[in-house]
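Curious how the labels on a structure get decided? Have a look at this one, and then we'll go through some of them together.

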Amino acid sequence: MSERFTDSQSHREALSAMADGQASSDDVAKACASWREDGQSRAAWQAYHLIGDVMRSEELAEGTASADFLNRFRDRLAKEPVVLAPVASQAVAAQQLAPVAAEVLPLKRRSWTAPFAVAASFVAIVSAAVSWQFAENMPAGVGADQMAQAPATSSSRQDAGGVDAGLAFAATKPNVLQGSGVQQGTSVANQGGSFSRPEVAGLPLIRDPQVDQMLANLPRHVTGGDSPLASQDGLAHAAVPNQGK
Amino acid sequence: MTKDPIDLPDQDVVDALPEGLLRSVVAQGAAPAPVVDVDAALVERVQRGDQRAFEMLVVKYQRRIERLIARMVRDVDLVEDIAQETFIRAYRALPNFRGESAFYTWLYRIGVNTAKKALMGLKRDPLVTEAALASMDEEDDGPRVENELSDGETPESVLASRQIAETVNAAIEALSDDLRQAITLREIEGMSYEEIAELMNCPIGTVRSRIFRAREAIASKLRPLLDTRQGERW
């Protein structure tokens, strides 16, 4: 959590600079941190803007008293779900996944694992590319009710914590995918492959049967099974089966 | 090889220096933090779930949005309701705000659309067309007719508004030349701190300090008026 200003005058001076667009991101963070607790800061923020507005136009001296306006607005704002931008919601979701990932023990690296790591990466990339391509070619409207049922925004309250709101938002129809060429509402066609990937922003994983054929052509120990080709020589033999033979 | 000792000024010389100069010297010695677009920074915080940042934007733009709506709607009570609705709509739409325009430009459009929609619901024609709104918003004075009250406006509220304007003007006149010049260049001419510093031939820190002290002096004279306005409690 951001530190707060300890000196009231320095805080008001920072607010004055903020009103002129002369503030660092840290100043903004500190101002927000003390906003609801410090009535003097709120009064100062309002006064500085009132002064500038009235200097530019005396008409701006009219209108609802700012404290009244803000108090009534807060009542309405409290009934609204906390909004999160798609990028922010994915960041929040990533933070949620991070503790789980940290419990997974890292693979012990050995010199001979390099070729297998390259092969596994190739498989993952091809699988993702084929999945996206397959999804793009799916006819529109297939399974559209799946996406239509998702709420547009999170229904969780701020008191429940921004993280819960972020996860709920990430599971709903995302704005970030609009115009990306991905057909929304495509049916879930996961045909029981060995890969398990979390849904990307609420969309189901589409599995292409061609991936199974490609996987079958790779050594089994790359994909997780036992293999008689446990040595590098065996791998080389498999890669170039007709070499000199 | 020994270095020449640094010549430090005597303490009484330091004490005689103006406080603003000392502060600006200290401020210039430290590496300044990068300045950000404040509205954009607040919007980003809202998009990450910080409603307090949105409240700061509400307080900042409340009067301008109410003035905009008041030019379309005569009923004073309706002006506040539509202004509240404008900010709520803006809050809901913030996840879609990409920053391609300034936040206030975007908020302005929401205010116009919200007012038009409210008037359509009431089957009333707006007082001013949108094209006229766009042209007059650039000017300081609107189309208001002198001595004509809007629906719901009381003589007391008009008097209170005039008192605020007169107090601000009087307080500015009472400022020292440096403070008055600094705040006028900032608020009326729209100059940046750097431009003001160059014009007034002083450090940027001094500009920041002068503008702050000017605002504090004016705010102290406004406080009795703001405290006595109905419900003005922070």
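**Reading the labels**

Q: How is the crossing of α1(A) and α2(A) handed, left or right?
A: The crossing of α1(A) and α2(A) is left-handed. Keep in mind that this is a predicted model.

Q: Why are α1(A) and α2(A) called oblique to each other?
A: The axes of helix α1 (residues 8-19) of chain A and helix α2 (residues 25-34) of chain A cross at roughly 120°. Roughly perpendicular covers 65 to 115 degrees, and roughly antiparallel starts over 145. An angle of roughly 120° fits neither, so α1(A) and α2(A) count as oblique.

Q: Which residues meet where α1(A) and α2(A) are in contact?
A: From α1(A) come A:His11, A:Leu15 and A:Met18, and they meet A:Asp27, A:Val28, A:Ala31 and A:Ser34 of α2(A). Sorted by class, this contact has four nonpolar, two polar and one charged residues.

Q: What makes α4(A) and α5(B) oblique to each other?
A: Helix α4 (residues 66-78) of chain A and helix α5 (residues 76-93) of chain B have axes that come within 11 Å and cross at roughly 45°. Roughly parallel needs an angle under 35 degrees, and roughly perpendicular begins at 65. Roughly 45° falls in neither range, so α4(A) and α5(B) are oblique. Their crossing is right-handed.

Q: Which residues of α4(A) and α5(B) meet?
A: On the α4(A) side there are A:Phe69, A:Arg72, A:Phe73, A:Arg76 and A:Leu77. Among their partners in α5(B) are B:Glu80, B:Asp81, B:Phe87 and B:Tyr91. By class, the contact of α4(A) with α5(B) has seven nonpolar, one polar and five charged residues.

Q: How do you know that B:Glu187 and A:Arg56 meet in a salt bridge?
A: Their side chains are 2.6 Å apart, N to O. The cut-off is a side-chain nitrogen of Lys or Arg within 4 Å of a carboxyl oxygen of Asp or Glu, so this pair qualifies.

Q: Why does the pair B:Arg64 and A:Asp53 join two chains?
A: The side chains of B:Arg64 and A:Asp53 meet in a salt bridge at 3.8 Å, N to O. B:Arg64 lies in helix α4 (residues 51-70) of chain B, while A:Asp53 lies in helix α3 (residues 39-56) of chain A, so the pair joins two chains.

Q: How many salt bridges are found across the interface of chain A and chain B?
A: The rule finds 14 there, and a search of the whole structure finds 24 over all chains. The contact itself takes 67 residues from chain A and 74 residues from chain B.

Methods
Residues are numbered from 1 along each chain as its sequence is written. Chains are lettered from A and ligands numbered from 1 in the order in which they are written. This is a predicted model: local features need pLDDT of at least 70, side-chain atom pairs count only at pLDDT 80 or more; totals for chains, interfaces and linings use all residues. Side-chain values use heavy atoms; hydrogens and water are left out. Axes are lines fitted to C-alpha atoms, for helices over the stretch in contact, and angles run from 0 to 180 degrees between N-to-C directions. Helices (H or I, at least four residues) and strands (E, at least two) are DSSP runs, numbered from the N terminus. A crossing is left-handed if the near helix is turned anticlockwise from the far one by less than a right angle, and right-handed if clockwise. Contact means heavy atoms within 4.5 Å. Ala, Val, Leu, Ile, Met, Phe, Trp, Tyr, Cys and Pro count as nonpolar, Asp, Glu, Lys and Arg as charged, and the others, Gly among them, as polar.
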